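Open the model in a viewer and keep the selection panel at hand. The stops below go from the interior to the surface and then to the remaining helix.

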Amino acid sequence: MPKMSVKGYIFVIFFSEILNFALSFHRLTKVAQVEIDIFKDLTAPTMCILISCFVMKFLCRLFFSGNMPKIEAGITVTACALVYIMLLRVFKAVDNEEIQ
């Protein structure tokens, strides 16, 4: 049995899916003549996700004790989504046109 059997298989699947997405996305943007703003469409949403997750993780450690995990998880997910939406507006990743 090869040393990297399952791990190698998972890596190859993962890598091939990413490569397929990149090539398909590139072709789609060329054919549809769509311009992608790297900051607005990729960087800002990624930063907003990371910031909102880290903020909520920090706040959860401060305010929740772990006695009611389901309720705390629901509150955390809802608050994280609200922080994410707020950060999208702050970073100007979402315009008024896109909201309506």
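A nonpolar core is a set of buried Ala, Val, Leu, Ile, Met, Phe, Trp, Tyr and Cys residues joined through side-chain atoms within 4.5 Å; buried means under 20% relative accessible area. The model on screen is predicted.

**Stop 1: the core**

Select Ala44, Cys48, Met56, Cys80, Val83, Leu87, Leu88 and Ala93. These 8 residues form the largest nonpolar core. Two elements, H2 and helix H3 (69-90), each give two or more residues to this core. H3 supplies the largest share, with 4 residues.

Now pick Val83 alone and show its contacts. Leaving aside residues up to four places away in sequence, Val83 touches Ser52 and Met56.

**Stop 2: the salt bridge**

Side chains of opposite charge can pair when their charged atoms come close. The structure holds 1 salt bridge. Select Asp95 and Lys40 to see their side chains meet, at 2.9 Å from N to O. Asp95 sits in the loop between H3 and helix H4 (96-99), while Lys40 belongs to helix H2; the pair is 55 residues apart and links distant parts of the chain.

Is each partner buried or partly exposed? Asp95 has 33% relative accessibility, so it counts as partly exposed. Lys40 counts as buried because its relative accessibility is 19%, and the cut-off for buried is under 20%.

**Stop 3: the surface of H2**

Turn on the surface and select Phe39, Met47, Ile51, Val55, Phe58, Leu59, Leu62 and Phe63. Together they form a nonpolar patch on the surface, with about 740 Å² of accessible area. Met47, one of the patch residues, is located in helix H2. Its relative accessibility is 30%, so Met47 counts as partly exposed.

Next, select Leu42, which also lies in helix H2 (residues 38-63). Leu42 counts as partly exposed because its relative accessibility is 45%. Add Leu82 and draw a distance between the two C-alpha atoms: they are 19 Å apart, with these positions 40 residues apart along the chain.

**Stop 4: helix H1**

Select residues 5-31, which make up helix H1. What length does this helix reach from its first C-alpha to its last? Its 27 residues reach 39 Å, close to the 39 Å expected at 1.5 Å a residue. Color H1 by accessibility: the helix is hardly covered, and the count of buried residues among its 27 residues is 1.

Finish at Gln33, which follows H1 and has a positive phi, near 55°.

Definitions and conventions. Residues numbered from 1 in each chain as written. Predicted model: local features only at pLDDT ≥ 70, side-chain atom pairs only at ≥ 80, totals over all residues. Heavy atoms only, no water. Expected span 1.5 Å × (residues − 1). Buried < 20%, exposed > 50% of the residue type's maximum accessible area, 1.4 Å probe, protein only. Patch = residues over 30% accessible without salt bridge, like charges linked within 9 Å, V, L, I, M, F, W, Y side chains within 5 Å. Areas by Shrake-Rupley, 256 points an atom, 1.4 Å probe, with all protein chains shown as cover. Salt bridge = Lys/Arg side-chain N within 4 Å of Asp/Glu carboxyl O. Contact = heavy atoms within 4.5 Å.
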